[in-house]
Amino acid sequence: MLTTKPAQWSFTRWRTIGHLEALEVHHPLFQARLFLQGGHLTNFAPRDEPDWLWLSDTARFEPGRAIRGGIPVCWPWFGVPAKNPPEVRRRILTTASHGFARTAVWKLEDVRESAHDVEISLSLDANTDFDEQWQGHALVLLTMTFSVRGCQIALTTTNLGNTPLAYSQALHTYLPTADIARTRVHGLDGSEFIDTLDNWTTKLQKGPVRFEGETDRIYQCGEPLIVSGPGGNRRLTAIGSDSTVVWNPGPDKARTLSDFPDEAWTTMVCVETANAMSDYRVLNEGQSHTLGVVLGRV
Ligand SMILES: O=P(O)(O)OC[C@H]1O[C@@H](O)[C@H](O)[C@@H](O)[C@@H]1O
């Protein structure tokens, strides 16, 4: 790969979408769009293919508002603070879900381009700027790599504080499907999961995951997964993760979600590569951990 200066980018350019700054990649082999706010990838497609990510038709691109779709970065906590392990919860000073990284403005670190791939790195210095929401100091580096084979996202957290840092997180991938009723998630057979819709009871998965109405589960498993459906198949390979969240809002919750059309639950599924519940991570001073996902072909 060649490192190029901004003026020399061949495939990458700045755009303003709504009220947010975005980077668009127009490579001969693939396209992608990501936002500095949230370090949020919203689009990725190899040439002549439909988008691999689902993005809401009513998504809004406004400062301080999480974008509905793509891959939101949930950090430094996943889900509702009150449901996090005590060590993680202790640092959180708000009731907001999914952490502040998905609405914070990240800094562009590097763009590397080649004839085969493009790699874009962003960083977030989680310092006292966020101390109304969270106590801690960490540096987060987000690296996205795009090629005709797929895309990889790697989120590396380094504890810059002087006490152990406990945190949870997820790469909250929204995938498109032509029909949720005929969509399956393979690779979770035999795993335990927490059914958040049934009083957070632990259950055992039998066979592939099917969707019959609202589904919101935290699996204790980080094995490679295949999401199959009438629109095609996708492979998700996790890095540094032993938990996976599978979510579809179903018809009733869909009506209460922000920036989400009433019928959109039939055309999307979230499969989230996580460090959630007992898979939360603890970093001593100076230590790092990388959570990642590779979206690929089957
Ligand atoms: O509306 P938000 O904050 O983006 O969250 C969407 C969903 O995110 C999922 O990860 C959670 O498991 C769901 O419970 C939640 O509804």
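**Notebook: two sheets, a ligand shell and Thr58**

I began with a single pair and noted that Thr16 has Glu21 in E3 as its bridge partner. The model is a predicted one, in which I accept local features at pLDDT of at least 70 and side-chain atom pairs only at pLDDT 80 or more, while totals for chains, interfaces and linings use all residues. My residue numbers start from 1 along each chain as its sequence is written.

**First sheet.** I took strands (E, at least two residues) as DSSP runs numbered from the N terminus, and I called two strands paired if DSSP finds at least two bridges between them. E2 and strand E3 (residues 20-27) are joined by six bridges and run antiparallel. I then looked up the wider arrangement, which is an open sheet of four strands in the order E2-E3-E4-E5 with antiparallel pairing. Strand E2 (12-17) and strand E5 (40-46) stand at the edges with a single partner strand each, so one side of each has no neighbour in the sheet. From one strand to the next the twist averages 20°, where axes are lines fitted to C-alpha atoms and angles run from 0 to 180 degrees between N-to-C directions.

At the other end of this order, strand E4 (residues 30-35) is joined to E5 by six bridges, again antiparallel, and Leu34 has Leu41 in E5 as its bridge partner. The hairpin of E4 and E5 has four residues between the strands, and there I found Gly38 with a positive phi near 85°.

**Second sheet and ligand.** I traced an open, antiparallel sheet of seven strands in the order E6-E12-E20-E19-E16-E14-E15, in which strand E6 (73-74) and strand E15 (201-204) are the edge strands, each pairing on one side only. Strand E19 (residues 243-248) pairs with strand E20 (residues 268-275) over five antiparallel bridges, and Val245 stands opposite Glu272 in E20. Both Val245 and Glu272 are listed around the ligand, together with others including His98, His172, Asp216 and Trp247; I counted a residue as near the ligand if its C-beta atom, placed from the backbone, lies within 6 Å of it.

**Thr58.** I located Thr58 in the loop between E5 and E6. Thr58 has 13 C-beta neighbours inside 10 Å and therefore counts as partly exposed (buried means 20 or more other C-beta atoms within 10 Å, exposed 12 or fewer, partly exposed in between). Leaving aside neighbours within four places in sequence, Thr58 is in contact with Asp259, Phe260 and Pro261, contact meaning C-beta atoms, placed from the backbone, within 7 Å.

Conventions. Contact = placed C-beta atoms within 7 Å.
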